[in-house]
Structures are given as structure tokens and as C-alpha cells.
Amino acid sequence: MYYKILINQKWVPKGFVGVTIYPFIIFKKRDSLADEILIAHEKIHIKQQLELLVVFFYIWYILEFLIKVVQLRDKKKAYKAISFEREAYLHETELNYLQTRKFAAFLKYI
């Protein structure tokens, strides 16, 4: 799985440490390079994006976020409830997770 890590404060939204836009994982601070859990979280997003041919990942992500905002009436809770984020947060400490992860595993977190 190919990805490249970049450091750029301007490309990461306020309130976030990093963002993944295939094939890039972008962090605000260089310190994040030492955070294995954060990198594992973002690598899960790389895999999810590949599975949905990147563009469909973003369409799904935005639609699911909007639905969750309406349901939960809270942007932070909506973000945490997105299926992609639920999978990534749940498995970010399992550094070998991607080796055993099944295709489209995020579906069980909808």
C-alpha cells in the first residue's frame, strides 16, 4: 500500500492533527511522525479510500457526515459516528490490523 507523509499546517483543518487525501497523509506538525497510532489510523483511511476508488470514499464520507449531523445534532459526535472513523478509531492501536482486515470492513460500522 503506497502512501506519502507530508507536513503542512495550512492543509490540515482547524481542530485536526492530520488528514488523509490519497495517497497523502498530511500532518500539521513533524512530531506526528513519531505517533504510530496516529499513522495507523490514517493508514486505515488510505485503505478505505483505495477500496472506494478514492472519489466514492469522499462522497460517502460527506453524505454520512451530513446524515449523522442531522441525526445527532452535533458535528463532533457526527464525525466520530462516521463508519470510516469508527473503524479507524477502533483499530488504530492494532498496528497489524491492515494485514488481517477484510475488504470493506467499514461496512459493519454503519
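In this predicted model, K80 is placed over the face of Y89, at 3.9 Å from the ring centre. This contact pairs a lysine with an aromatic ring; the remainder of this account concerns contacts between aromatic rings.

Across the whole structure, a search identifies 9 aromatic pairs. One of these joins F57 and F84, whose ring centres are 4.4 Å apart. Their planes meet at 50°, and the pair is therefore classed as tilted, since that class covers planes that are neither under 30 degrees apart nor over 60. The F57–F84 pair links distant parts of the chain: F57 belongs to helix α2 (residues 55–72), F84 belongs to helix α4 (residues 83–91), and 27 residues separate them.

Both partners are shielded from solvent under the cut-off for burial, which is under 20% relative accessible area. F57 has a relative accessibility of 3% and so counts as buried. F84, at 0%, is likewise buried.

F84 also takes part in a second pair, with F106. Here the ring centres lie 4.7 Å apart and the planes stand at 40°, so this pair too is tilted. Because F84 is in helix α4 whereas F106 is in the segment after α5 (97–100), the contact ties together parts of the chain 22 residues apart in sequence. F106 has a relative accessibility of 2% and therefore counts as buried.

The two pairs described above belong to a wider arrangement. F57, F84 and F106 are joined by Y58, W60 and Y61 in one aromatic cluster. Within that cluster, F84 is paired with F57 and with F106.

Note on methods. Residues are numbered from 1 along each chain as its sequence is written. This is a predicted model: local features need pLDDT of at least 70, side-chain atom pairs count only at pLDDT 80 or more; totals for chains, interfaces and linings use all residues. Side-chain values use heavy atoms; hydrogens and water are left out. Rings of Phe, Tyr and Trp (its six-membered ring) pair if their centres lie within 6.5 Å; planes under 30 degrees apart count as stacked, over 60 as edge-to-face and the rest as tilted. Helices (H or I, at least four residues) and strands (E, at least two) are DSSP runs, numbered from the N terminus. Buried means under 20% relative accessible area, exposed over 50%, partly exposed in between (1.4 Å probe, protein chains only). A charge sits over a ring if NZ of Lys or CZ of Arg is within 6 Å of the ring centre and within 35 degrees of the ring normal.
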